[in-house]
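Here is a short, friendly walk through one protein chain. Keep the 3D view open beside you as you read.

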Amino acid sequence: MIKRKLFFAALLFALLCFGLQKTGTIRFLHEMPEENRKVVLTGIIDQIESKTDSKYVYLKRAQNSNSGETYGKIILTVADGIFEKLDLKLGERVKVYGKYTGFHVARNAGNFDENNYYHSLGISGKFQLENPEDLKKTGKGWNYLKQWLYEVKTSIVDTFESVMTGFYKPIGIFSAIVAGEKSGLDQNVKELYQTNGIAHILAISGLHISLIGMSVFSILRKRHSYKFSCLISSLVMVGFCVMSGGSVSAIRATIMFLVRMLAELFGKTFDLLSALAFAAILILAENPLILTNGAFLLSFGAILGVGVINIILVDYCSSESRLLKAFSVSLSVSLATLPIITSIYYEIPLYSVFLNLLIIPLMSFVLGSGILCGIAGSLSIVLGRFIIGMGVYLLSFVEILCKIIDWIPYSIVVTGKPALWKVGLFYLLLVSGLVFMKQKAKKGKRLLQEKTERKVTIKRIVFLLLWGIVLFSIFLFKEPSEKLQLTFFDVGQGEGYLIQSPSGTNFLMDGGSTSVNNLKEYRLESAIKYLGVSTVDYSIITHPDTDHISGVMDLIQDDSAGHILIKNLVVADLPGNEKMKDLKELAQTRNIPVITMQAGDVLSDGAIRLTCLHPEENYKAKDTNGESLVFLLEYNKFRALLTGDIGMEEEQRLLEEDLENVRLLKVAHHGSRTSSSEPFLQEAFSGSLPKVAIISAGVNNSYGHPNKETLQRLRNLDAEIFCTAATGEITVSIDETGTMTTKKYLLNF
C-alpha cells in the first residue's frame, strides 16, 4: 500500500499540474523585450550546447539590467567564430549586451513550436550575442566540476571524430548515445530512426544507467563495501547525467538509479513504480510546465509500460519463453506511448514493436563499444578504431534493418492528430483489458496439467494479439466527414493549400515559398500529416514559380518511409517553360501521371467540381503569373474562386465567366496591387451572402504584400479578410447547406 500511495501521489500531482496549466495558473509571465531590441543581461553560465555553426550558452538567474525583470533561464546564441574568442567556463558570472530574438512560433497546426518547447523546459527566451566585446565576465570563479565534465564531453566527441575520420554518420550517433551531443547527427539517420520508432536509442536513458551505473556498482562491490559502492556509482551517474546535458530522460533515469542505490544500501526491495513516482514528483516540482514536453511524456510512459502493462502481460501469458517476454516488454512500451507518439508525430511505425526486439539488445554492445572507445581512443587512435569497429558494424546493421522495414508495405501509417475521444477510448480499452487479464492470471495460477496449461497459454496469446490490434486500430480509424475543408497553410512568402472533399479526395494546390528554406520538412509535410493525409490525389500547380512549387518538388523527390504520396500532378500547358519542363520530368521519374488542364476542363469528385476557367488554349501572357491555372470550386450551393497569381488583364477576361455568388476568394498574387481590380471583385463578390477573402503572404515580406489598396477594395465589399502573415494557417469548413466556418491558427492575432 505504501508503494502505491507514492505512485498515486505522483499521479495526482501530475493531474494538478495539468489542471493548473489548463486554467492558466501556471504559465510563463516573464515580460520579454521587443524582438530585435538590445538589452543588458546578467547571469551565470549553466550549460553550453553545440548547434550547427553556433553555440547555445544557457544562462541561469538571468536578469534584464535595464528593466530589472528576472528571466530565470535563457539561451544566448553565439556564433562559433565569436565563441572561440570568449573562453567561457561553466559557472562564470557574465554581463551581456544581447539582442532579443525570441523563439519561433508554429505557423501551422502540426509544425514544431520552438516557443512552447523551450518554455516547457523552463527557458524563457533567446538572445543573440553579435560581438565578442558585448560580453564581460563579472566574476573570478567558475564551477570547476561542471567545467571539467564539459571538457570530458568535448574530449569524447573529439576522440570519436579522430577515430572515425571519414565516417560522418557513426560519429554523430556515437556522440549522441555516449555524450548526449546531438549537433553532429546526420538528419537522414535521425529521420530514419524516427520513422521506424527507434529514435529513443539516441537519447541518454535507462539503457545507459543499467549498463554504466550497474557495471560500476558490480565492479566496486567485488572489493568494497555496500556504502562505498553505492556512493561512488551514484556519483558517477550524477556526473554522467550532468556531462550529457541533463535531458529529461537522463534525469529521470538517474533519480531512479539513486533510489535503487538507497534500496541496496538499506537492504530494501527496489520498486520500479515507486522510483518512477519519486522522479516524477521531483521533476514536476522543479518545473510543472515540463508535463507538456514530449520527451517527458515518452520517457515516463515507456517506464510505466514496463512497470505496469508488462507485468500483467507476462503473468497473463504464463510462459517462460524469453522471446515472448522480450516481445511483451516491447509491446507494453508501444501501447503505453502510442497516444503520445500519434499526438507528436501524427503517424504510427507499425513494425517498431518487432524492430525493437532486435535493436535494443544490440544497443548495449554499441553503447559499450562507444564508451570504451571514448576512453581508449584518447590514448591510442589505433586501439580506439579496433574497439569501435564492432559498434560501427552493428549500427550499419541497424540502418539496413530500418531500410528493409521501410520497404515493407504500411511500415508507416499516417493517423493525423488523434481526437480526444480516441485517446480516451484507447485508455479505457487498455485499462479494461489489463483488469481482465489480471483477473484471468490469478485464476491461471491454479495447478493445471502441462497439456492444458499449454492450451491456455496459446489462447491467451491469441487474445493478447487481438486486443493489441483493436487498440492500434483506434488510431487507424478515420472519421468520415460530411464537410468540404480548405486549409491554407502559412508557407511564408508563397502559397499552398489543401482541399479535402467529404469523400476523402485530397487536392493540394501549389506548395512553395521563397522565404522558408526546407519548406517540406519544416512546415508543409507535418501540417499535411496533422490532418491525417498521407496521399494527395491531385497536386495542382497553378504556375511553376518557386514560391508555388519548391515544397511540392521536395514531396515528389521524397522516397522515405511514411512520405506523402502524390498520385497525379496537374499543370497548365506551358511549352517552353523550363521550370515546368523540369517539374514534369521529375514527376515522370517517380511514375506520377501528369494531367494538363486548360479552360473548360473539370476535375470532379462526388458533389465537388473544380472547373478550370483559365488559361485558354494557346493563351500567352506577359509572364508566368498571367498563365496561372484558375479554378471555380463548387460544392452544392457553395462557390469559391481560386485565382493563382493572375493579374488584372486576366481578371478582365474572367468577367466573361459566371462568377456571381462566390463566397470565398483566394486573392490573386498574394494581395498585390497588380491584381484584385475593382470590377473583378464586384463581379465575384456580388450577392448578399457573407464573403471571405484569403491572402497568402509572408510576415514582413519585402514586396509589401498584401497591398493597402487591395485590402481597402476588399473591405469596401464587406469581405472578411484573412491573411496568413497575420493569422498563420487558415481553415475553412463548408457543410452540405453551404454554411461556412473559418478558423485562424494564431488566435492571438
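The notes below take up confidence, two helices, a surface patch and one strand residue.

**Confidence.** This is a predicted model. The mean pLDDT of the chain is 89, with 96% of its residues at 70 or more. Residues 447–451 fall below 50, and beyond near neighbours in sequence this stretch makes two contacts in the model. Where pLDDT is low, predicted coordinates should not be read in detail.

**Two helices.** You may like to view α5 and α8 together, as the table does.

| Helix | Residues | C-alpha span, first to last | Expected span | Glycine that follows, with its phi |
|---|---|---|---|---|
| α5 | 168–179 | 16 Å | 16 Å | Gly-180, near 75° |
| α8 | 226–243 | 25 Å | 26 Å | Gly-245, near 105° |

The span of α5 agrees with what its twelve residues should give at 1.5 Å a residue. Helix α8, with 18 residues, comes close to its expected value. Both glycines have a positive phi: Gly-180 after α5 and Gly-245 after α8.

How much of α5 is covered? Ten of its twelve residues are buried, including Pro-170, Ile-171, Phe-174 and Val-178. Their cover includes α4, α6 (187–195), α7, α8, α13 (352–376) and α14 (381–407).

In α8, the buried residues include Cys-230, Met-237, Phe-240, Cys-241 and Met-243. The buried residues of α8 pack against α4 (144–163), α5, α7 (206–221) and α9 (248–265).

**A nonpolar surface patch.** Turning to the outside, Trp-421, Leu-425, Leu-428, Leu-429, Val-470 and Phe-477 make up a nonpolar patch with about 540 Å² of accessible area together. Helix α15 (residues 420–443) supplies the largest share, four residues. Phe-477 sits in the loop between α16 (450–476) and β9 (484–488). Why does Phe-477 count as partly exposed? Its relative accessibility is 45%, which lies between the 20% limit for buried and the 50% limit for exposed.

**A buried strand residue.** Val-570 belongs to strand β15 (residues 569–572). This valine counts as buried because its relative accessibility is 0%. Leaving out residues up to four places away in sequence, Val-570 touches Tyr-538, Ser-539, Ile-540, Ile-541, Ile-595, Met-597 and Leu-603. Another residue to look at from here is Phe-507: it is 63 residues from Val-570 in sequence, and their C-alpha atoms are 9.8 Å apart in space.

Methods
Residues are numbered from 1 along each chain as its sequence is written. This is a predicted model: local features need pLDDT of at least 70, side-chain atom pairs count only at pLDDT 80 or more; totals for chains, interfaces and linings use all residues. Side-chain values use heavy atoms; hydrogens and water are left out. Helices (H or I, at least four residues) and strands (E, at least two) are DSSP runs, numbered from the N terminus. The expected span of a helix is 1.5 Å times one less than its number of residues. Buried means under 20% relative accessible area, exposed over 50%, partly exposed in between (1.4 Å probe, protein chains only). Contact means heavy atoms within 4.5 Å. pLDDT is the predictor's confidence in each residue, from 0 to 100. Patches are made of residues with over 30% relative accessible area and no salt bridge: like charges are joined within 9 Å, nonpolar side chains (Val, Leu, Ile, Met, Phe, Trp, Tyr) within 5 Å. Accessible areas come from the Shrake-Rupley method with a 1.4 Å probe; for residues, only the protein chains shown count as cover. A salt bridge is a side-chain nitrogen of Lys or Arg within 4 Å of a carboxyl oxygen of Asp or Glu.
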